[in-house]
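Open the model in your viewer and keep the selection tool at hand. The stops below say what to select next and what is there.

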Amino acid sequence: MSTIELRKVTKRFGSFNAVRNVDLSVAAGEVVCLLGPSGCGKTTTLRMIAGLERPTAGDLFTAGRRVNDLPPEKRNIAMVFQFYALYPSLSISDNIAMPLQYERVSREDKERRVRRVAEILQLLPVLDRKPAELSDGEKQRVAVARAIVRDPDCFLFDEPLSRLDVELRHSMRGQIKEVLSDLSKATVIVTHDQLEALTMADRIAIMKDGMVEQVGSPHDVFARPANVFVASFIGTPQMNLIEAEIKGLDAGAACLRLDGGQIRLAAPAALGGLGSPNVTVGVRPRAFALVAEADKETVAAQAELIEPMGAETLIHAKTSGGINIRVVVPREKRVRAGEAMHLRPDPKQIYFFDADGEAVHA
Ligand code: ATP
């Protein structure tokens, strides 16, 4: 069975903890993206699975066997790097066949396998060409073809699309996802691009400072972020996160001190069980309604900068207490810089985080 499992895996470089206590399992046929800011330990985690780094502690399993002490070539894993090197003097066909050279495969079988992966990745018309005669997207597909030709247990991708231009990345995301979904292998993809993770992954593991902050489906990490970090990392423009103090709770609502004033917001009952009255209120920029009159459920802010984004407009606003708020409205909603706004958060889309930054769920 093609699976990957990490149990309490840690990697130290000297006294520096690059990866800390990571638990992660990837099922057969599942695509998991490791997503996080630069230096959070994504590549180190991937390199440990590949056997290019040895874990300092913890256990690593692929296809059901413990592989901590197994060299990369004995792990039957295919890895696609950001900087894929194709052999310039060899044809595309020979480039794809390269991983088969150490396997006892007949010439006919080799040709058959190359043609099969070339067909999956739509490379049949370019098999006789040299790498220099291919577009960047085609070269990337050759790198993927070379990885899957060998029928490995698992696939590892390190920023596979980061060298491609925006349009090509968009189409390649879909193509790679489609190819992977037909192969029933456990796949781990490292990326710092959340759009890539949200579109390609069955589940996303969001990392920070060597630790996994949350693992969940793209919908889960967006709709139910586990903490302030995940809430701020997933979603563009970024979620507004505003410090507030609980003053009282009643019938599904909280009275909060926020920006020097008071506001009443729909809130989970669990807010009553917190040890501290200090919370962070999270509202995504698209979850505000602009209303004509101020009331107990609105925040007052002044539009400072208007950023057209095509079908929508991003407004950078500031409250009288100096809190910056990002609001996204449909393009038709005309707002000018300097205009006073009354913002009402959608009661169904308000997030609360406790004093430690952990989500308070209903
Ligand atoms: P990026 O997106 O920038 O590639 P990343 O999340 O993949 O970042 P890693 O490459 O895994 O991060 O690195 C995690 C941390 O470990 C970084 O602070 C990095 O400097 C450090 N690190 C990685 N490899 C080594 C090494 N061989 N020796 C010492 N420190 C290292």
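The tour goes from the ligand to two cysteines and then to the nonpolar cores; the model is a predicted one.

Start with the ligand. Select Phe13, Phe16, Ala18, Pro37, Ser38, Gly39, Cys40, Gly41, Lys42, Thr43 and Thr44, the residues around the ligand. Now look at oxygen atoms of the ligand. One lies 2.7 Å from a polar side-chain atom of Thr43, and an N or O atom in the side chain of Thr44 is 2.5 Å from a ligand oxygen. At Cys40 the contact is made by a backbone N or O atom, 3.0 Å from an oxygen of the ligand. The protein buries 58% of the 630 Å² that the ligand exposes when taken alone. Strand S2 (16-26) and helix H1 (42-50) each give two or more residues to this shell, and H1 has the largest share, with three.

Next, select Cys33 and Cys40. Why do Cys33 and Cys40 not form a bond? The sulfur of Cys33 is 13 Å from that of Cys40, its closest cysteine sulfur, which is too far. The count of disulfides is zero. Both residues are buried: Cys33 has a relative accessible area of 1%, and Cys40 has 3%.

Now select Ile96, Leu123, Ile148, Phe155, Phe157, Ile176 and Ile206. Within the largest nonpolar core, of 46 residues, these touch the most other members. Helix H4 (residues 136-148) gives the most to this core, six residues. Stay on Ile96: beyond its sequence neighbours within four places, its contacts include Val114, Leu123, Val142 and Arg146.

Last, select Ile246, Leu256, Val283 and Val329, which are among the 29 residues of another core, apart from the largest one.

Key
Residues numbered from 1 in each chain as written. Predicted model: local features only at pLDDT ≥ 70, side-chain atom pairs only at ≥ 80, totals over all residues. Heavy atoms only, no water. Core = buried A, V, L, I, M, F, W, Y, C linked by side-chain atoms within 4.5 Å. Buried < 20%, exposed > 50% of the residue type's maximum accessible area, 1.4 Å probe, protein only. Helix = DSSP H or I, 4+ residues; strand = E, 2+ residues; numbered from the N terminus. Contact = heavy atoms within 4.5 Å. Disulfide = S-S within 2.5 Å. Near = heavy atom within 4 Å. Polar contact = N/O pair within 3.5 Å; in protein donor to acceptor, adjacent residues only side chain to side chain. Areas by Shrake-Rupley, 256 points an atom, 1.4 Å probe, with all protein chains shown as cover.
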